[in-house]
Amino acid sequence: MKKIYNNRTKRALVFGDTMLLPGTNVAEEIDTDKFPGLKHYVEEDDVVVSDDPASAMKDANTEGVVDELEKLGEGDAKVSGAAKKRREQLGKMKAEAKAATEAAKKAEEEDGGVEA
């Protein structure tokens, strides 16, 4: 059964074959008896397990995760609305990152032609 895990740490956490990246992750349920480290993270509130795709959407860090969350909440207008909004946010972040990369590359090219 798939579960929603929100990894609030700033690092990837690995439990068996499952990697939880920072932000929202959708993964097969992880057995806390088999992986007591996960139980510790949950108890410390560093990993939150949720059943609400709409609320988990705000921390989703990739379009693939948004797609998975939308599947889990299929037929729920609140989830569909949250997915659309998150996709727009991710698109803006991607565009901003691309623009910053291009500006840095252009500045480097302009500076690279000058010899001291």
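**Notebook: a few places in the fold**

I began at Leu 21, which sits in the loop between β3 (18–20) and β4 (23–28). I kept in mind that this is a predicted model. With a relative accessibility of 38%, Leu 21 counts as partly exposed. I then checked its company on the surface: Val 14, Met 19 and Leu 21 make a nonpolar patch of about 270 Å².

**Leu 20**

Next I stepped back to Leu 20, which has its place in strand β3. Is Leu 20 buried or exposed? I found 0% relative accessibility, so Leu 20 counts as buried. I looked up what touches Leu 20, leaving out residues up to four places away in sequence. The list includes Tyr 5, Asn 7, Phe 15, Ala 27, Ile 30 and Leu 38. Val 47 is on that list too, and I noted that Leu 20 and Val 47 are 27 residues apart along the chain, with 9.2 Å between their C-alpha atoms.

**The aromatic rings**

Phe 15 had turned up among the contacts of Leu 20, and I wanted to know more about the rings. How many aromatic pairs does a search of the whole structure find? My search gave two. In one of them, the ring centres of Phe 15 and Phe 35 lie 6.2 Å apart and the planes meet at 70°, so I wrote this pair down as edge-to-face. Phe 15 is in strand β2 (residues 13–15) and Phe 35 in the loop between β4 and α1 (36–43), so the pair ties together parts 20 residues apart in sequence. I read a relative accessible area of 7% for Phe 15, which is buried, and 23% for Phe 35, which is partly exposed.

Then I looked at Phe 15 and Tyr 41: their ring centres are 6.4 Å apart and their planes are at 75°, so this pair is edge-to-face as well. Here Phe 15 in strand β2 is linked with Tyr 41 in helix α1, 26 residues apart. Tyr 41 counts as buried, at 17% relative accessibility. I closed this entry by noting that Phe 15, Phe 35 and Tyr 41 form one aromatic cluster.

**Helix α3**

My last stop was helix α3 (residues 63–72), where I found Val 65, Val 66 and Leu 69 buried. They cover an arc of only 100° around the axis, which puts them on the same side of α3. A reminder to myself: an α-helix has 3.6 residues a turn, so residues three or four places apart point the same way. What do the buried residues of α3 pack against? I listed β1 (2–7), β4, α2 (53–56) and α4 (77–112).

Conventions
Residues are numbered from 1 along each chain as its sequence is written. This is a predicted model: local features need pLDDT of at least 70, side-chain atom pairs count only at pLDDT 80 or more; totals for chains, interfaces and linings use all residues. Side-chain values use heavy atoms; hydrogens and water are left out. Patches are made of residues with over 30% relative accessible area and no salt bridge: like charges are joined within 9 Å, nonpolar side chains (Val, Leu, Ile, Met, Phe, Trp, Tyr) within 5 Å. Accessible areas come from the Shrake-Rupley method with a 1.4 Å probe; for residues, only the protein chains shown count as cover. A salt bridge is a side-chain nitrogen of Lys or Arg within 4 Å of a carboxyl oxygen of Asp or Glu. Helices (H or I, at least four residues) and strands (E, at least two) are DSSP runs, numbered from the N terminus. Buried means under 20% relative accessible area, exposed over 50%, partly exposed in between (1.4 Å probe, protein chains only). Contact means heavy atoms within 4.5 Å. The arc is that of the directions from the helix axis to the C-beta atoms. Rings of Phe, Tyr and Trp (its six-membered ring) pair if their centres lie within 6.5 Å; planes under 30 degrees apart count as stacked, over 60 as edge-to-face and the rest as tilted.
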